[in-house]
Amino acid sequence: MSGPLEELDSILARVRKPARYLGNEWNSIHKKHALVAMRMVLAFPDLYEVGMSNQGLKILYDCVNRRPDLLMERVFAPATDMEALMRQYKLPLFALESQRPLNEFDVIGFSLQYELSYTNVLNMLDLAGIPLYSSERTESDPLVIGGGPCAFNPEPLAPFFDLFVLGEAEEALPELLARLAELKNENPGRKETLVRLSSLAGIYVPSLYEPIYREGQFCGMAKLDARAPSLIGKRTVADLDGIPYPTNPVVPYMQTVHDRAVIEIFRGCSRGCRFCQAGFIFRPVRRRSRDNILETARELINATGYDELSLSSLSSSDYPQIDLLVDELNENLAGKRVRCSLPSLRLDSYSVKLADQLHQGRRSSLTFAPEAATERLRLIINKNITEEDIFNALGDAVEAGWQGFKFYFMIGLPTEEEADVEAIITLCRKIRHYFKDRSGRKLNINVSVATFVPKAHTPFQWEPQLQITGVIERQHMLRKGFKNLPGFDLSWHEAEAGLLEAVFARGDRLLAPLLEKAWRLGCRFDGWSEHFSFQLWQQAFDELGLNAESYACRRFDYDDHLPWDHLFSGTDKEIFIREHRQAVAGDIPLRSGD
Amino acid sequence: MRICFSFARKMALSYLSHLDMLRLFLRALGRSGMPLAYSLGYNPHPRFTLALPLPLGVTASEEFGEILFTEEIAPDRFISLLQAQLPEALVLTGVTAVDMHKPSIASLVGAALYRAVPRGDCLNGIDPATLQGALDSLMEKEEILARRKTKKNKFVYTDVRPYILDLETGKNEDGSLTLKLLLQAGSQGGVPPAYVIEQLKQETGFGSFHAFDWQIHRERLFMKEDGVLQPLSERMGC
């Protein structure tokens with residue numbers, strides 16, 4: 001490399017997949033640091049190939065770098081082999097584009113997508129030589145900020161962050177950086193800067209609030225500065241057509257998890273599945289216009305050279321006249337040999353026809369997510385499909401020549417009984433017979449079973465997670481049942497990882513020392529089963545006198561103070577209460593307006 | 001039409017794998033808008049190949065690629081359209097139209113010449129004479145068994161001695177030490193330069209001596225004709 005880090009070459013020569021650390025990819029943006037008012041690095045606390053598949057990262061990289069007075073570079077969690085060499089050579093964590101150490105930037109912004117990446121956040125701060133705790137940072141340290149879905153309950157991370165951006169950051173982030181540039185000139189000091197930033201919409205400065213505990217019970221937040229808002233609302237952009245979209249995203253050299261061009265066709269989801277946090281925090285539904293999609297598709301393909309275009313959203317078949325859109329895209333892109341793909345299809349015949357339109361020639365596998373195997377439980381979670389829908393969709397798919405299927409289920413859902421888990425096996429057995437009758441071909445079905453994790457800002461936020469012995473028992477039940485189901489491949493999420501996810505998803509500030517302890521004990525990449533060590537986590541819990549299950553498996557009352565009550569996701573608590581009451585009573589809810 | 005081109009890979013892109021390189025070229029070709037030809041069949045892919053994979057970390061002066069188009073394209077137009085879509089560290093150095101019936105460029109490759117320069121002070125006082133001695137004793141060996149892991153996690157042993165065609169030491173203009181390795185490569189079997197350098201570690205007895213301490217550069221590819229090595233560039237006319 002010709003960058004300022006001399007030692008880097010001999011390090012890159014020794015690590016796996018060095019293409020993770022190059023930073024000179026096609027469409028990467030290299031600005032002169034001296035010529036901008038604010039320098040930010042977007043930090044993704046997971047591997048490059050995961051982070052570069054995140055659409056939010058591409059959007060923010062684009063909307064900040066569009067502004068001539070601002071600069072954004074990228075950094076990802078170094079893999080463990082890279083980390084070891086960086087520590088050995090005392091090489092600080094550096095931003096990919098300029099190879100400058102992170103502490104030479106004004107702002108480090110972490111993308112918080114997943115609770116099990118939290119130890120990587122601490123590790124990256126440490127590798128960058130930036131004090132872990134907000135209270136320990138001085139005037140010369142960068143501002144450490146966070147955003148993304150986990151920012152809707154950031155309390156376990158609160159002491160490590162100077163501020164969080166709540167909701168969509170396309171407008172909030174450039175605004176924040178511009179304000180920060182003004183304050184930098186004024187120089188009122190770090191503490192006062194944070195107080196003033198807290199008046200911007202969607203900005204949560206955790207150091208301005210102190211949790212109150214009575215007899216160990218969380219009893220709400222006390223404001224430490226009168227100027228801090230009592231309730232912090234989320235930011236949403238009004239119109240997807242009205243904000244810039246990255247039509248020239250960075251094109252990685254190495255294969256990433258989602259290795260394709262992506263157009264977000266709409267944001268939000270009108271389905272209202274009660275376990276789904278994304279469904280609530282991304283409300284309301286906003287569509288990109290057909291013309292905007294067609295034009296964006298053309299620009300994206302020309303600027304990247306990708307051979308696949310993904311139309312992304314939380315429930316793609318809900319886009320009005322999506323079939324016509326797909327036809328038109330196929331027509332426009334046929335000459336360029338670009339395939340279209342649609343993730344998140346619903347389980348109905350319409351979606352199967354759509355999938356068929358998309359995969360002329362290649363038929364890999366279709367994914368269906370019934371989530372629960374009994375109609376009773378599907379009503380409770382508000383996943384309103386019937387068994388008839390499932391078999392109609394399957395019938396159409398078999399007829400169209402699809403051979404591989406993926407099914408997603410959850411265990412541990414509220415009110416779930418063993419019979420509901422047995423029903424997963426029964427349903428799969430029915431599917432098997434169905435295939436036997438209709439198709440002579442070999443069956444190839446993947447069944448993936450996740451553990452339900454109650455999330456903040458959903459109707460299920462008060463619900464406990466199923467205790468770990470129960471999870472393991474039910475997984476065992478499934479394994480036994482699937483032994484007699486040839487052609488089915490069962491996979492499940494590690495029970496302990498699900499437990500930890502639930503601890504942090506609804507956790508409070510008392511978990512911050514736990515996080516630090518676990519990281520110091522060596523926890524990294526907790527979302528990766530090859531790195532995850534529940535033993536180390538257990539040790540951390542024990543040393544701090546905390547108990548994982550009393551966090552994860554706790555049932556909150558409606559009048560309990562919740563650690564995220566001061567953060568507003570756009571849906572009133574009364575609505576969550578109503579939805580939760582209806583769910584537990586087994587009522588059919590109203591569809592939310594879209 | 002069929003086009004053969006040559007290119008150089010500089011340091012900034014030396015850490016790309018062979019698959020990364022293929023991906024990079026295909027996306028650049030996609031952006032260029034040139035009419036790529038695709039294979040027939042269920043899963044069509046572009047008719048594009050690189051003559052010989054470049055190992056990770058290795059730079060190169062004269063690599064070759066080959067590509068089929070559905071329409072005629074003037075070679076100089078090909079160069080300007082493709083170069084505009086390539087990162088600075090990949091430089092197109094030549095191009096020629098090739099008869100469709102000629103054998104593929106990958107099938108012609110028989111050997112590669114590498115030059116390795118130690119990074120920093122990794123040699124820690126190994127003098128040229130010691131290094132030459134190690135080279136000589138390696139060349140005198142009748143057999144060098146290289147262990148390789150198969151996909152089934154078993155080990156297989158291959159004698160790579162016949163693949164080491166020539167080794168010599170030299171000096172750079174600035175007086176620093178270099179190592180030249182002429183190694184068999186291509187479909188008839190070969191040995192990677194890093195493996196040979198690791199062997200020298202054993203011969204010299206210097207424990208601190210690692211392949212990753214050397215910056216390796218591939219200078220030239222050869223084909224074998226009647227037992228004689230000829231630069232591939234002469235055949236391709238790039």
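Helix α17 of chain A is followed by A:Gly522, which has a positive phi, near 115 degrees. The model is a predicted one, and the end of this helix is a convenient place to enter it. Helix α17 covers residues 512–520, and its buried residues are A:Ala512, A:Leu514, A:Leu515, A:Glu516, A:Ala518 and A:Trp519. A glutamate, A:Glu516, is thus listed as buried alongside A:Leu514 and A:Leu515. The cover over these residues includes four other helices of chain A: α4 (80–88), α5 (118–127), α16 (495–505) and α18 (534–543).

Past A:Gly522, in the loop between α17 and α18 of chain A, comes A:Phe525. A:Phe525 is not a glycine, yet its phi is positive, at about 45 degrees. Its relative accessibility is 4%, so A:Phe525 counts as buried, the limit for that class being under 20%.

Two other loops of chain A also have backbone features to look at. In the loop between α1 (8–12) and β1 (38–44) sits A:Asn27, a non-glycine residue with a positive phi of about 75 degrees. The loop between α8 (277–281) and β12 (286–287) holds A:Pro284. The peptide bond leading from A:Arg283 into A:Pro284 is cis, and its omega is near -5 degrees.

A further loop of chain A, between β15 (365–371) and α12 (375–381), contains A:Thr374. This threonine has a relative accessible area of 18% and is therefore buried. Leaving out residues up to four places away in sequence, A:Thr374 touches A:Asp420 and A:Ala423.

From these local points the text turns to chain A as a whole. Chain A contains 20 helices and 19 strands. Its radius of gyration is 24 Å, close to the 25 Å that the globule rule gives for 594 residues, so chain A is as compact as a globular protein of that length. Measured out along the principal axes, its C-alpha trace spans about 75 × 65 × 45 Å. Of the 594 residues in chain A, 61% are buried. When contacts between residues at least 6 apart in sequence are considered, 76% of those in chain A join residues at least 24 apart. The exposed area of chain A is about 23300 Å², of which carbon and sulfur atoms supply 48%. Chain A carries 69 positive and 82 negative charges, and the mean positions of the two sets are 2 Å apart.

What lies in the interior? In soluble globular proteins, nonpolar side chains tend to be buried together. In this model the largest nonpolar core has 211 residues, and the members that touch the most others are A:Leu309, A:Phe405, A:Trp537 and B:Phe78. That list includes residues from chain A and from chain B. Helix α14 of chain A, residues 418–438, gives the most to this core, with 9 residues. Apart from this core lies another, of 42 residues, among them B:Leu54, B:Ala60, B:Leu135 and B:Phe209.

A:Leu309 shows what the surroundings of one such core member look like. Neighbours within four places in sequence aside, its contacts include A:Ala261, A:Ile263, A:Ala297, A:Leu300 and A:Ile301. Also in contact with A:Leu309 are A:Leu329, A:Leu333, A:Val338, A:Arg339, A:Cys340 and A:Ser341.

Chain B has 6 helices and 11 strands. A compact globule of 238 residues would have a radius of gyration near 18 Å, and the 19 Å of chain B agrees with this. Its C-alpha atoms fill a box of roughly 55 × 40 × 35 Å along the principal axes. Buried residues account for 49% of the 238 in chain B. Among its contacts between residues at least 6 apart in sequence, 70% join residues at least 24 apart. Chain B exposes about 11400 Å², with 51% supplied by carbon and sulfur atoms. The mean positions of its 26 positive and 27 negative charges are 9 Å apart.

One residue of chain B can be followed in more detail. B:Arg47 lies in the loop between α1 (18–32) and β2 (48–50) of chain B. Its relative accessibility is 41%, so B:Arg47 counts as partly exposed. Although B:Leu68 is 21 residues away from B:Arg47 along the chain, their C-alpha atoms are separated by 5.5 Å. Apart from neighbours within four places in sequence, B:Arg47 is in contact with B:Ala37, B:Tyr38, B:Ser39, B:Glu66, B:Ile67 and B:Leu68.

Notes
Residues numbered from 1 in each chain as written. Chains lettered and ligands numbered in written order. Predicted model: local features only at pLDDT ≥ 70, side-chain atom pairs only at ≥ 80, totals over all residues. Heavy atoms only, no water. Rg over C-alpha atoms; globule rule 2.2 N^0.38 Å. Buried < 20%, exposed > 50% of the residue type's maximum accessible area, 1.4 Å probe, protein only. Contact = heavy atoms within 4.5 Å. Areas by Shrake-Rupley, 256 points an atom, 1.4 Å probe, with all protein chains shown as cover. Lys, Arg positive; Asp, Glu negative; His and termini not counted. Charge placed at Lys NZ, Arg CZ, Asp CG, Glu CD. Core = buried A, V, L, I, M, F, W, Y, C linked by side-chain atoms within 4.5 Å.
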